[in-house]
Amino acid sequence: MSSVFDLFTVGIGPSSSHTVGPMKAAFRFVSRLVDEGRLEGVAAVRCELYGSLGATGHGHGTVPAVVLGLAGEQPHLVDPEVTGPLVAGVRSSGRLGLAGKHEIAFDVDRDVVLHRHERLERHSNGMVLTAWDPGGSVVERRTYFSVGGGVVVESDEQTVHDGGGARFGSAAELLELARGRSIADVVLAGESRSEAEVRAGLLHVWSVMRSCVERGTAVEGVLPGGLRVRRRAAALRRRLESEGDPTDPLHAMEWVTLCALAVNEENAGGGRVVTAPTNGAAGIVPAVLHYAWRFLPGFDDAAVVEFLLTAGAVGMLLKRNASISGAEVGCQGEVGSACSMAAAGLAAVLGGTPAQVENAAEIGIEHHLGLTCDPIGGLVQIPCIERNAVAAITAITAARMAVRGDGEHHVSLDTAIATMRATGADMRDEYKETARGGLALALSVVEC
């Protein structure tokens, strides 16, 4: 079972499965060579990207992510300000320092290969890394899969997680465990870290989310990639602060929209974000948390921890019993999952019972079933940025609906999650993060 820290990880944009995951895989590949003392014998390295990684590798930043990982950079540590110059330097010089230690010849366009129409069997986000010695013999070859949320597994692995995790396999089991206590307590009890470490870790996650919103509402300009999408969050914040009417019934919703736009503009620009549970859906949980922070009386650090633990519980169920990968089940698995998680977290801090929390989560995912992943030009910009804002509002509505009820409802969260998985299996690949269906096809924008 996953840990809550598998759902909320710090990384860089624009995609957890297409940027963060491939960077981790490349770093893991060269780290193995270092650990086994074989790095100095490597003369050439090639990375081959398959399926969704190959189809949208440029727009999702996969190519530079691989270069960064091979150079020894990690998503949670790399400075977003240096990533562009570092990759540009490799491209112009034709040289790459593997793990930052051993320099080899490296042609970015030749040695990172995008197989746009080939897919490995296990998952759409597949990649093969190979290292050769000077004589042309293979030193190491590894196959990795980026299975969503930045999680990477090798071909012979089933799962990789941070450790711990409450032992429940369904929402029904979770509700049984939550008898007489909160869902947050169930998750907290299952973590391998101490209570103090969990709380400190989640408050760090919250601080990164706040920093992301602050930066996203300060930076202006045009997002990279060729679509010339303007950043809107900074101008919107100025208008809200100078012209916003606190008596307007929708004033709070405008702040929610602002926060979601800010985070996803930062993500699209390659900035530092919290994967929640993916980068493509990274704006929803922070936006709803900001809503609670700004507009709910008495909202404090303890409420932040309760929110994130509760949201994490729902994320674990979605990840275990369906998927959070847009390449596997479409955007219902990314934005739909994030909406469900945020709705559950908010319902908890609004005082909802475990049954009401489960209801909120079910509403959040139910109304995203069938949502396709159709990034125009392979960029995490249109419709991704606005989609996060709309889903954040939906999450708030779902939570407030649920806590006004008694927890009774016709469709269970388990049923909704099973339906999401079945819907994703039925969905054509064109509608699952390939940039070849939906809006991407309708507008016929060539990938940049």
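Let me start with two helices, H11, residues 251-268, and H17, residues 384-403. Their axes come within 8 Å and cross at roughly 140°. Axes here are lines fitted to C-alpha atoms, for helices over the stretch in contact, and the angles run from 0 to 180 degrees between N-to-C directions. Helices are DSSP runs of H or I with at least four residues, strands are runs of E with at least two, and both are numbered from the N terminus.

Before going on, the ground rules. This is a predicted model, in which local features need pLDDT of at least 70 and side-chain atom pairs count only at pLDDT 80 or more, while totals for chains, interfaces and linings use all residues. Residues are numbered from 1 along each chain as its sequence is written, and side-chain values use heavy atoms, with hydrogens and water left out.

Back to the pair. What does the contact of H11 with H17 have, by class? There are 10 nonpolar, three polar and two charged residues. Nonpolar covers Ala, Val, Leu, Ile, Met, Phe, Trp, Tyr, Cys and Pro; charged covers Asp, Glu, Lys and Arg; the others, Gly among them, are polar. On the H11 side the contact includes Met 253, Val 256 and Glu 265, and on the H17 side it includes Ile 385, Asn 388 and Ile 396. Contact means heavy atoms within 4.5 Å.

H11 also meets helix H10, residues 233-243. The buried residues of H10 are Ala 233, Ala 234, Arg 237 and Leu 240. Buried means under 20% relative accessible area, exposed over 50%, and partly exposed in between, with a 1.4 Å probe and protein chains only. Seen down the axis of H10, these buried residues fall within an arc of 125°, so they line one face of the helix. That arc is taken from the directions from the helix axis to the C-beta atoms. They pack against H9, residues 195-216, and H11. The face turned away from them carries the exposed residues Arg 239, Ser 242 and Glu 243.

Next, the interior. The largest nonpolar core has 94 residues, and its largest share, 12 residues, comes from helix H13, residues 301-321. A nonpolar core is a set of buried Ala, Val, Leu, Ile, Met, Phe, Trp, Tyr and Cys residues joined through side-chain atoms within 4.5 Å. Val 285 is among the residues with the most contacts inside this core. Leaving aside neighbours within four places in sequence, Val 285 is in contact with residues including Phe 8, Met 209 and Ala 276.

Ala 276 is joined to Pro 277 by a cis peptide bond, with omega about -5°. Pro 277 sits in the loop between strand E9, residues 272-275, and helix H12, residues 284-295. Another cis peptide bond joins Ile 382 and Pro 383, with omega about 5°. Pro 383 is in the loop between H16, residues 354-366, and H17.

Last, the loop between H18, residues 413-426, and H19, residues 438-443, holds Glu 433. Which sign does phi of Glu 433 have, positive or negative? The value is positive, near 60°, in a residue other than glycine. Glu 433 counts as buried, at 3% relative accessibility. Ala 435 lies in the loop between H18 and H19 as well, and its phi is near 65°. At 18% relative accessibility, Ala 435 counts as buried.
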